[in-house]
Amino acid sequence: QVRLVESGGGLVQAGGSLTLSCAASGRIFSINDMAWYRRAPGKQRELVARIGRSTNYADWAKGRFTISRNNAENAVYLQMNSVNGEDTAVYYCYASLRPSPWHNPSDYWGQGTQVTVSS
């Protein structure tokens, strides 16, 4: 069984920084892409950043957020700088991975971690 566990969320002041971490564990053969998504109150879930063979960011995240990955630890991180009230959301870790050589890649999600930006 595969688990994705996020950490690092919490309360941060506007203009401040926060780093989110996510570690995948369990039966993992290989991981393709990893990503961070978020869902703000009253809004749909949206992509923040994705890292695989290439790295992609939402337009509003470019220049403020940085996604990175540690393949040896099956981990992905999100460095968030210059946060503002619109960054308040639940942040979800995502991974496209194969549990074994005989499985096609499947999507896995973490439970989410709350980030609240105070003014």
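**Salt bridges and overall build of an all-strand chain**

D33 and R50 pair up through their side chains in a salt bridge, with an N to O distance of 2.9 Å. This pair connects distant parts of the chain: D33 belongs to strand β4 (residues 30-39) and R50 to strand β5 (residues 46-51), with the two positions 17 residues apart in numbering. The model is a predicted one, and the values that follow are computed from it. Neither partner of this first bridge falls under the 20% cut-off for a buried residue: D33 has a relative accessibility of 22%, so it counts as partly exposed, and R50 ends up in the partly exposed class as well, at 23%.

A second bridge joins D87 to R38, and here too the closest N and O atoms sit 2.9 Å apart. D87 comes from the loop between β8 (75-80) and β9 (89-98), while R38 is in strand β4, so this contact ties together parts of the chain that are 49 residues apart in sequence. Both D87 and R38 are buried. The pair doesn't stand alone, either: R38, E46, R64 and D87 are linked in a network of salt bridges.

Then there is the bridge between K62 and D59, whose side chains meet at 3.2 Å, N to O. With the line for exposed residues drawn at over 50%, K62 counts as exposed because its relative accessibility is 52%. D59 is exposed too, since its value is 62%. Taken over the whole model, the tally is 5 salt bridges.

Stepping back to the fold, the protein chain has 11 strands and 0 helices. Reading along the sequence therefore gives nothing but β, in the pattern β-β-β-β-β-β-β-β-β-β-β. The radius of gyration is 14 Å, close to the 14 Å that the globule rule gives for 119 residues, so the chain is as compact as a globular protein of that length. Along the principal axes, the C-alpha atoms fill a box of roughly 50 × 25 × 25 Å. Of the 119 residues, 37% are buried. As for contacts with a separation of 6 or more, 55% come from residues 24 or more positions apart.

The accessible surface of the protein chain adds up to about 6,600 Å², and carbon and sulfur atoms account for 44% of that area. On the charge side, there are 12 positive and 8 negative side chains, and the centres of these two sets are 6 Å apart.

Backbone angles turn up a couple of residues worth a look. Most residues other than glycine have a negative phi. N74 is not a glycine, yet its phi is positive, at about 50 degrees. This residue lies in the loop between β7 (65-70) and β8, and N74 is partly exposed because its relative accessible area is 24%. S82 shows a positive phi of about 50 degrees as well, again without being a glycine. S82 is located in the loop between β8 and β9, which is also where D87 of the buried bridge is found. With a relative accessible area of 43%, S82 is classed as partly exposed.

How values were computed
Residues numbered from 1 in each chain as written. Predicted model: local features only at pLDDT ≥ 70, side-chain atom pairs only at ≥ 80, totals over all residues. Heavy atoms only, no water. Salt bridge = Lys/Arg side-chain N within 4 Å of Asp/Glu carboxyl O. Helix = DSSP H or I, 4+ residues; strand = E, 2+ residues; numbered from the N terminus. Buried < 20%, exposed > 50% of the residue type's maximum accessible area, 1.4 Å probe, protein only. Rg over C-alpha atoms; globule rule 2.2 N^0.38 Å. Contact = heavy atoms within 4.5 Å. Areas by Shrake-Rupley, 256 points an atom, 1.4 Å probe, with all protein chains shown as cover. Lys, Arg positive; Asp, Glu negative; His and termini not counted. Charge placed at Lys NZ, Arg CZ, Asp CG, Glu CD.
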